[in-house]
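Here are some exercises to work through with the model open beside you. Try each task yourself before reading its solution.

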Amino acid sequence: MRRAIAFFALIPLVLAGCGDRSLILTVDVLSFLDPADVSGPYGPIPGGLPLTTVDLASQEANLLPGIQDVTEVSSAKLDVGVSFDNQTGSADAHFQIFITSADSADVFSGTPIADIPVTLTPSNVTNVATEISSTELAQALVQDKAKIGVRATFDTTPSGVTPVQGTETITLLRATVITKKKL
């Protein structure tokens with residue numbers, strides 16, 4: 001009984017912190033991707049090539065309808081985690097995340113929300129974790145629908161003639177969008 005009284009006594013303190021009329025949306029972007037797109041092989045990519053692009057995922061997602069009509073975006077961030085289990089060859093790679101509104105022609109036609117450099121070496125697991133702030137992300141995630149694309153680009157010139165091959169696994173794609181009520 002005392003726990004219940006203490007809990008109800010804390011409610012006004014918690015609610016007092018919500019006075020700025022902010023709406024915080026946390027979107028598990030990873031959950032919108034097909035499981036087969038979350039982890040998969042890359043390569044073999046021949047060594048000595050300056051640029052090879054591998055599209056890892058492309059998906060359309062239904063989001064919360066009507067939110068852009070009643071809110072203004074204050075900020076947005078994307079937490080990203082990815083692991084590269086590189087087996088052979090060396091490469092300078094870029095892991096890219098694209099998130100656009102669903103009315104865009106091609107999810108990969110614009111600038112990526114995240115462009116994360118990765119150095120891959122033979123028989124080595126490289127884990128990358130970062131946080132990106134983006135107004136483009138915020139605008140895309142308050143639409144009714146969004147397109148999500150994941151791409152990796154490889155520069156295998158450091159590898160010489162040895163092909164680059166391994167497995168990538170996306171471990172985290174979580175967006176946080178803070179909006180305020182339109183006045």
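## Exercise 1: Charged partners

Glu 131 and Lys 77 meet in a salt bridge, with their closest N and O atoms 3.3 Å apart. A salt bridge here is a side-chain nitrogen of Lys or Arg within 4 Å of a carboxyl oxygen of Asp or Glu. Before going on, note that this is a predicted model, in which local features need pLDDT of at least 70 and side-chain atom pairs count only at pLDDT 80 or more, while totals for chains, interfaces and linings use all residues. Residues are numbered from 1 along each chain as its sequence is written, and side-chain values use heavy atoms, with hydrogens and water left out.

**Task.** Find which residues the salt bridges that share partners join into one network with Glu 131 and Lys 77.

**Solution.**

Step 1. Place the starting pair. Glu 131 is in strand β7 and Lys 77 in strand β4, 54 residues apart. Strands are DSSP runs of E with at least two residues, numbered from the N terminus.

Step 2. Check the surroundings. Glu 131 is partly exposed at 47% relative accessibility, and Lys 77 is partly exposed at 26%. The cut-offs for relative accessible area are under 20% for buried, over 50% for exposed and in between for partly exposed (1.4 Å probe, protein chains only).

Step 3. Look for another pair. Arg 174 and Asp 79 form a salt bridge of 3.7 Å, N to O. This pair links strand β9, where Arg 174 lies, with strand β4, where Asp 79 lies, 95 residues apart. Asp 79 counts as buried at 11% relative accessibility, whereas Arg 174 is partly exposed at 34%.

Step 4. Put the pieces together. Lys 77, Asp 79, Glu 131 and Arg 174 belong to one network of salt bridges that share partners.

## Exercise 2: A salt bridge between two strands

**Task.** Of the 5 salt bridges found in the whole structure, take the one between Lys 145 and Glu 60 and say which strands hold its two residues.

**Solution.**

Step 1. Start with the distance. The closest N and O atoms of Lys 145 and Glu 60 are 3.9 Å apart.

Step 2. Locate both ends. Lys 145 sits in strand β8 (residues 145–155) and Glu 60 in strand β3 (residues 52–62), so their salt bridge ties together parts 85 residues apart in sequence.

Step 3. Add the exposure. Lys 145 is partly exposed, with a relative accessible area of 37%, and Glu 60 is partly exposed too, at 41%.

## Exercise 3: Rings that pair

**Task.** Work out how Tyr 42 and Phe 84 are arranged as an aromatic pair.

**Solution.**

Step 1. Set the rule. Rings of Phe, Tyr and Trp (its six-membered ring) pair if their centres lie within 6.5 Å; planes under 30 degrees apart are stacked, over 60 edge-to-face and the rest tilted. The whole structure has 4 such pairs.

Step 2. Read the geometry. The Tyr 42 and Phe 84 rings are 5.9 Å apart centre to centre, with 65° between the planes, and count as edge-to-face.

Step 3. Place the residues. Tyr 42 is in strand β2 (residues 39–45) and Phe 84 in strand β4 (residues 71–88), so the pair ties together parts 42 residues apart in sequence. Both Tyr 42 and Phe 84 are buried.

Step 4. Widen the view. Ring pairs link Tyr 42, Phe 84, Phe 95 and Phe 154 into a cluster.

## Exercise 4: A buried asparagine

**Task.** Describe the place and the partners of Asn 86.

**Solution.**

Step 1. Find Asn 86 in strand β4. Asn 86 counts as buried, at 0% relative accessibility.

Step 2. List the polar atoms around its side chain. A polar atom of the Asn 86 side chain lies 2.8 Å from the backbone oxygen of Gly 89 and 3.4 Å from that of Thr 88.

Step 3. Look further along the chain. Leaving out residues up to four places away in sequence, Asn 86 touches several others (heavy atoms within 4.5 Å), among them Tyr 42, Ser 123 and Gly 166.

Step 4. Follow two of these. Tyr 42 stands opposite Gly 166 in β9. Ser 123 has a positive phi of about 55° although it is not a glycine, and Ser 123 is exposed, with a relative accessible area of 68%.

Terms used:
Helices (H or I, at least four residues) and strands (E, at least two) are DSSP runs, numbered from the N terminus. A polar contact is a pair of N or O atoms within 3.5 Å; within protein, one must be able to donate a hydrogen and the other to accept it, and residues adjacent in sequence count only if both atoms are side-chain atoms. Two strands pair if DSSP finds at least two bridges between them.
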